[in-house]
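Let's walk through this protein together, moving from the overall fold to the aromatic residues and then to the charged pairs. Keep the viewer open and follow along as each residue comes up.

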Amino acid sequence: MKELKPGGANIPVCEKNKKEYIERMVKWRIERGVVQQTESLVRGFYEVKTLITAFLLELIFDARELELVIAGTAEIDLNDWRNNTEYRGGYHDNHIVIRWFWAAVERFNNEQRLRLLQFVTGTSSIPYEGFASLRGSNGPRRFCVEKWGKITSLPRAHTCFNRLDLPPYPSFSMLYEKMLTAVEETSTFGLE
């Protein structure tokens with residue numbers, strides 16, 4: 001058994017500490033799968049320590065920006081993205097909200113598109129083979145937009161499932177503003 005915090009084996013999970021338990025469990029599950037890669041990455045950074053100090057890295061980059069630097073900023077092929085997107089909850093390719101969604105994505109600059117991809121999938125990396133090869137937590141998983149929520153809600157992301165929950169906004173301008181806010185100002189994960 002792995003303790004998620006000191007003395008955790010002796011702490012029963014209850015309503016009061018449920019959120020903390022879930023957060024620690026998710027963090028542990030995510031981190032244990034990439035420990036070796038993370039250690040290699042950190043070693044690589046320290047090898048170039050004479051050029052860039054760890055302090056400067058922390059000062060210059062937040063986690064999202066660092067991933068963009070490491071993964072690169074490939075130009076997103078919008079046709080490939082759109083052709084490899086599925087819809088749920090009543091949305092379809094010709095639904096007005098979906099047409100507005102793609103119009104908003106077209107209006108975004110490439111960095112904003114990468115941030116949208118990162119918001120929904122957890123990574124700004126585009127598979128070499130394109131969006132048809134996008135993967136989720138348990139294998140191949142297409143990008144998905146699902147109708148969800150009230151028009152007062154921000155879009156939310158389920159990164160393990162590459163799914164964007166998009167409320168049925170009544171106008172393009174509202175959709176555009178809510179998407180920008182969600183992508184640029186939040187780092188929320190949905191759990192299922």
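What follows is a guided tour of this model, which is a predicted one.

Let's begin with the chain as a whole. Its secondary structure comes to eight helices and six strands. If you read along the sequence, these elements come in the order α-α-α-α-α-β-α-α-β-β-β-β-β-α. The chain has 192 residues, and 31% of them count as buried. About 12,100 Å² of the chain is exposed, with carbon and sulfur atoms supplying 55% of that area. Contacts also tell us how the chain is put together: among those between residues at least 6 apart in sequence, 60% join residues at least 24 apart.

Now turn to the aromatic residues. The structure holds six aromatic pairs. In one of them, the ring centres of tryptophan 81 and tryptophan 102 are 5.8 Å apart, and the planes stand at 85°, so this pair is edge-to-face. Tryptophan 81 belongs to helix α5, while tryptophan 102 belongs to helix α6 (residues 96-107), so the pair ties together parts that are 21 residues apart in sequence. Both of these tryptophans, 81 and 102, are buried.

Tryptophan 81 has another partner, phenylalanine 131. Here the ring centres are 5.1 Å apart and the planes lie at 0°, so the pair of tryptophan 81 and phenylalanine 131 is stacked. This pair links distant parts of the chain, because tryptophan 81 sits in helix α5 and phenylalanine 131 in the loop between α7 (110-121) and β2 (135-136), 50 residues apart. How accessible is tryptophan 81? Its relative accessibility is 0%, so tryptophan 81 counts as buried. Phenylalanine 131 is buried too, with a relative accessible area of 1%. Step back and you can see that Trp81, Phe101, Trp102, Phe131 and Phe143 form one aromatic cluster.

Asparagine 84 is a good residue to visit next. You will find asparagine 84 in the loop between α5 (78-83) and β1 (85-88). Which residues does asparagine 84 touch, not counting those up to four places away in sequence? They are Phe131, Ala132, Arg142 and Phe143, and two of these, Phe131 and Phe143, belong to the aromatic cluster. Is asparagine 84 buried or exposed? With a relative accessibility of 15%, asparagine 84 counts as buried, since the cut-off for buried is under 20%.

An aromatic ring can also be found beside a charge in this model. Arginine 107 lies over the face of tyrosine 176, at 5.0 Å from the ring centre.

That brings us to the charged side chains. Side chains of opposite charge can pair when their charged atoms come close. In this model the count comes to 10 salt bridges. Helix α1 (residues 18-32) is a handy place to start. There, the side chains of lysine 19 and glutamate 23 meet in a salt bridge, at 2.9 Å from N to O. Lysine 19 and glutamate 23 are four residues apart in helix α1, so about one helical turn separates them. Lysine 19 is exposed, with a relative accessible area of 61%, whereas glutamate 23 is partly exposed at 46%.

Glutamate 20 forms a salt bridge with arginine 24, and their closest N and O atoms are 2.9 Å apart. Glutamate 20 and arginine 24 are both in helix α1, four residues apart, or about one turn of the helix. Glutamate 20 is partly exposed, with a relative accessible area of 30%, and arginine 24 is partly exposed at 34%.

For a salt bridge outside that helix, look at arginine 82 and aspartate 93, whose side chains meet at 3.2 Å, N to O. Arginine 82 lies in helix α5 and aspartate 93 in the loop between β1 and α6, so the pair ties together parts that are 11 residues apart in sequence. Arginine 82 counts as partly exposed, at 26% relative accessibility, and aspartate 93 counts as partly exposed at 40%. Elsewhere, Glu146, Arg156, Arg163 and Asp165 are linked in a network of salt bridges.

We can finish on the surface. Val13, Tyr21 and Ile22 form a nonpolar patch there, with about 240 Å² of accessible area together. Tyrosine 21 lies in helix α1 and counts as partly exposed, at 36% relative accessibility.

Notes. Residues numbered from 1 in each chain as written. Predicted model: local features only at pLDDT ≥ 70, side-chain atom pairs only at ≥ 80, totals over all residues. Heavy atoms only, no water. Patch = residues over 30% accessible without salt bridge, like charges linked within 9 Å, V, L, I, M, F, W, Y side chains within 5 Å. Areas by Shrake-Rupley, 256 points an atom, 1.4 Å probe, with all protein chains shown as cover. Salt bridge = Lys/Arg side-chain N within 4 Å of Asp/Glu carboxyl O. Helix = DSSP H or I, 4+ residues; strand = E, 2+ residues; numbered from the N terminus. Buried < 20%, exposed > 50% of the residue type's maximum accessible area, 1.4 Å probe, protein only. Contact = heavy atoms within 4.5 Å. Phe/Tyr/Trp six-rings, centres within 6.5 Å; stacked < 30°, edge-to-face > 60°. Lys NZ or Arg CZ within 6 Å of the ring centre and 35° of its normal.
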